[in-house]
Amino acid sequence: MIIDGQEQVTDAVLAELARAKNPRFREVMGAFVRHLHDFAREVKLTEEEFQAAIGYIIALGKHTSETHNEAVLMSGSLGFSTLICLLNNGNNGQTDTDANLLGPFWRMHSPPTRNGESIVRSPTPGEALFVKAWFRDTDGKPIVGAEVDIWHSSTEGFYENQDPMQADMNLRGKFTTDQDGHIAFRSIRPAGYPIPIDGPVGELLRAQGRHNMRPAHLHFLVHKEGFKTLVSQLYSPDDKNIDSDVQFGVTRHLLGNYVRHESEPAPAADVTGPWYSLEHTFTMERGPTRLPRPPITGKAQGERPKIPILAY
Ligand SMILES: [Fe+2]
């Protein structure tokens, strides 16, 4: 089509898209083109702004490597990842869901660990935490024999793979649900941590005057044939950034039920001082049982990363 003016451009592109054989491709790309063109018309995008936008897309790629995914970080920082999660879980956005963001730090092959054991594998300071979790189907029946991966940061805000000071697979473990669909483990309370700000995500946050912190959380990935693989996080309600997560991941349903115990004896004899318990029941929906692609594959060498923190 030979174009006579700006008002014809969108129709010209949509007419070519109509040739695509795949109907879902036509639907998604057609809507994308319409919204993209309408967006440019609405804000009257200038040529300088257009060049800047192209520069951002290039920078997302340049800041992405085997150990860091700037595109995922940008998607989270715009709330897009959480929107996609909530649209696709909880009966397609109709009910509360335990589904949440995967984040960049899941590793495959966490060490198999027996129920009740600790996932602290090298000396790691922190308040003792005893977690009990139950896994149910949508009818409330226990899910027996599900594999549950756990991972979380240290009290210094580092995952073991970022931190040469921690043993390989520290604060990670793979549990199997028992006859009651239950697992239990011991660890330490995690801390929140900053996301990197040396790329376009940092520019985005600075432009808004936002901090770059995630509130403290525990990660879960639950795998059982016949159920949609559940990726979840439980958040610490007392974290000072609980209502301003840079990745917009915190949902009310996933505020962890932490209880602080001052005087009761802990479940383990070596605990001195206060300790915490945390209990949660997860619901898994029926669906395809697929593991995500692991975002990272190995453990950092050398120095701990130095990630600056933006004021809020
Ligand atoms: Fe995390």
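User: Before we get to clusters, what counts as a ring pair here?
Analyst: Rings of Phe, Tyr and Trp, the last taken by its six-membered ring, pair if their centres lie within 6.5 Å. Please keep in mind that this is a predicted model.

User: OK, and which residues do ring pairs link into a cluster?
Analyst: Phe105, Tyr159 and Tyr193 are joined into a cluster by ring pairs. Within that cluster, the pair formed by Tyr159 and Tyr193 is edge-to-face, with 5.3 Å from centre to centre and 85 degrees between the planes.

User: Where do Tyr159 and Tyr193 sit in the chain?
Analyst: Tyr159 is in the loop between strand E2 (147-152) and strand E3 (172-176), whereas Tyr193 belongs to strand E5 (residues 193-194), and the pair thereby links distant parts of the chain, 34 residues apart.

User: Buried or exposed, those two?
Analyst: Tyr159 counts as buried because its relative accessibility is 1%, and Tyr193, with a relative accessible area of 5%, is buried as well.

User: How many aromatic pairs are there by this rule?
Analyst: The count comes to eight aromatic pairs. One of them is formed by Phe130 and Trp275, whose ring centres are 5.6 Å apart and whose planes meet at 90 degrees, so that pair is edge-to-face.

User: And which parts does the Phe130 and Trp275 pair tie together?
Analyst: Phe130 lies in strand E1 (residues 128-137) and Trp275 in strand E10 (residues 275-284), so the contact ties together parts that are 145 residues apart in sequence. As for accessibility, Phe130 counts as buried at 12%, and Trp275 counts as buried at 7%.

User: Switching to charges, which rings does the charged end of Arg189 sit over?
Analyst: The charged end of Arg189 sits over the ring of Tyr258, at 4.2 Å from the ring centre, and also over the ring of Tyr276, at 4.3 Å from that centre.

User: New topic: what volume does the second largest pocket have?
Analyst: Its volume is about 1,200 Å³. The lining comprises 25 residues, of which Phe32, Leu36, Phe39, Ala53 and Ile57 are the closest to the pocket centre.

User: Which helices supply the lining?
Analyst: Helix H2 (23-43), helix H3 (47-62), helix H4 (70-77) and helix H7 (200-208) each supply at least two residues of the lining of this pocket, and H3 gives the most, with nine residues.

User: What's the lining like by class?
Analyst: The lining of the second largest pocket has 19 nonpolar residues, along with four polar and two charged ones.

Technical notes:
Residues numbered from 1 in each chain as written. Predicted model: local features only at pLDDT ≥ 70, side-chain atom pairs only at ≥ 80, totals over all residues. Heavy atoms only, no water. Phe/Tyr/Trp six-rings, centres within 6.5 Å; stacked < 30°, edge-to-face > 60°. Helix = DSSP H or I, 4+ residues; strand = E, 2+ residues; numbered from the N terminus. Buried < 20%, exposed > 50% of the residue type's maximum accessible area, 1.4 Å probe, protein only. Lys NZ or Arg CZ within 6 Å of the ring centre and 35° of its normal. 1 Å grid on protein atoms, 1.4 Å probe; cavity = no way out; pocket = protein on both sides within 12 Å on 5 of 7 lines; lining within 4 Å. Points joined across faces, edges and corners; volume = space filled by probe spheres on them. Nonpolar A, V, L, I, M, F, W, Y, C, P; charged D, E, K, R; others polar.
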